[in-house]
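Reader: I'm new to this structure and would like a close look at a single part of it, the sheet. Could you walk me through how the strands are put together, and then show me what sits around them?

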Amino acid sequence: ALTESRVGWMFTGFFTDDAVNYYATAKTSDTARFGKFFHAMLDAGVYFPPSQFEAAFVSSAHDGRAIERTLEAARRAFAAL
């Protein structure tokens with residue numbers, strides 16, 4: 001399962017079934033699976049931080065088209081996992 005953690009417009013996902021509230025719980029996630037997700041997104045032209053211990057950001061530079069492109073790439077990446 002993918003567990004989301006976010007603050008404001010910063011977010012990251014952790015491949016774990018458990019809630020991630022602090023570093024010790026973040027370390028229990030499947031980093032190899034995150035690596036596969038990261039590379040699938042990169043292959044689709046979507047640049048996420050290379051580590052799930054870093055945050056991604058959404059800004060006003062991301063228009064609806066960019067958001068939809070990211071969501072479609074994520075759908076394909078999740079399906080491939």
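Author: Sure, let's start with the sheet itself. Three strands make it up, and it is an open sheet with the order E1-E2-E3 and antiparallel pairing. The edges are E1 and E3, the latter being residues 56–57, and each of these two strands pairs on one side only. As a bit of background, the strands of a sheet pair through backbone hydrogen bonds, in either a parallel or an antiparallel way.

Before going further, keep in mind that this is a predicted model. The mean pLDDT of the protein chain is 92, and 100% of its residues reach 70 or more. Among the elements, E1 has the lowest mean pLDDT, at 88, while H2 has the highest, at 95. So one edge of your sheet is also the element with the lowest mean value.

Now take the strands pair by pair. E1 covers residues 2–7 and E2 covers residues 10–15, and 6 bridges join these two antiparallel strands. If you'd like to trace the pairing by eye, start at Val7, whose bridge partner in E2 is Met10. Then look at Ser5, which has Thr12 as its bridge partner in E2. Where the chain turns from E1 to E2 there is a hairpin with 2 residues between the strands, and Gly8 takes a positive phi near 60° there.

E1 also carries a charged pair. Arg6 forms a salt bridge with Glu4, and the closest N and O atoms are 3.7 Å apart. Both Arg6 and Glu4 are exposed.

On to the other pairing, between E2 and E3. These two strands run antiparallel as well, and 2 bridges join them. Phe11 is a good residue to find here: its bridge partner in E3 is Ala56.

Ala56 takes us from the sheet to the core. The largest nonpolar core has 11 residues in all, and Ala56 is one of them, along with Phe15, Phe34, Phe37, Phe38, Met41, Val46, Phe48, Ala73, Ala74 and Ala77. Two helices, H2 (31–43) and H3 (64–80), each supply at least two residues of this core. The largest share, 4 residues, comes from H2. In general, nonpolar side chains in soluble globular proteins tend to be buried together.

From the sheet's side, Phe15 is worth a pause, since E2 runs over residues 10–15. Setting aside neighbours within four places in sequence, Phe15 is in contact with Ala1, Leu2, Ser29, Asp30, Arg33, Phe34, Phe37, Gln52, Phe78 and Leu81. Two of those contacts, Phe34 and Phe37, are listed in the core too.

H3, one of the helices that feed the core, has a charged side to its story. The structure holds 4 salt bridges, and one of them brings together the side chains of Arg75 and Glu68, at 3.3 Å from N to O. Arg75 counts as partly exposed because its relative accessible area is 45%, and Glu68 is partly exposed too, with 41%. Another salt bridge links the side chains of Arg76 and Glu72, at 3.6 Å from N to O. Arg76 and Glu72 are 4 residues apart in H3, so about one helical turn separates them. Arg76 is partly exposed at 46%, and Glu72 is partly exposed at 34%. Salt bridges that share partners join Glu68, Glu72, Arg75 and Arg76 into one network.

One last stop is H1, which spans residues 23–26 and contains Thr25. Is Thr25 buried or exposed? Thr25 counts as buried, because its relative accessibility is 17% and the cut-off for buried is under 20%. The side chain of Thr25 reaches the backbone oxygen of Tyr22 at 2.8 Å and the backbone nitrogen of Asn21 at 3.1 Å. Not counting residues up to four places away in sequence, Thr25 touches Ala19 and Val20.

Key. Residues numbered from 1 in each chain as written. Predicted model: local features only at pLDDT ≥ 70, side-chain atom pairs only at ≥ 80, totals over all residues. Heavy atoms only, no water. Pairing = 2+ DSSP bridges. Core = buried A, V, L, I, M, F, W, Y, C linked by side-chain atoms within 4.5 Å. Buried < 20%, exposed > 50% of the residue type's maximum accessible area, 1.4 Å probe, protein only. Contact = heavy atoms within 4.5 Å. pLDDT = per-residue confidence, 0-100. Polar contact = N/O pair within 3.5 Å; in protein donor to acceptor, adjacent residues only side chain to side chain.
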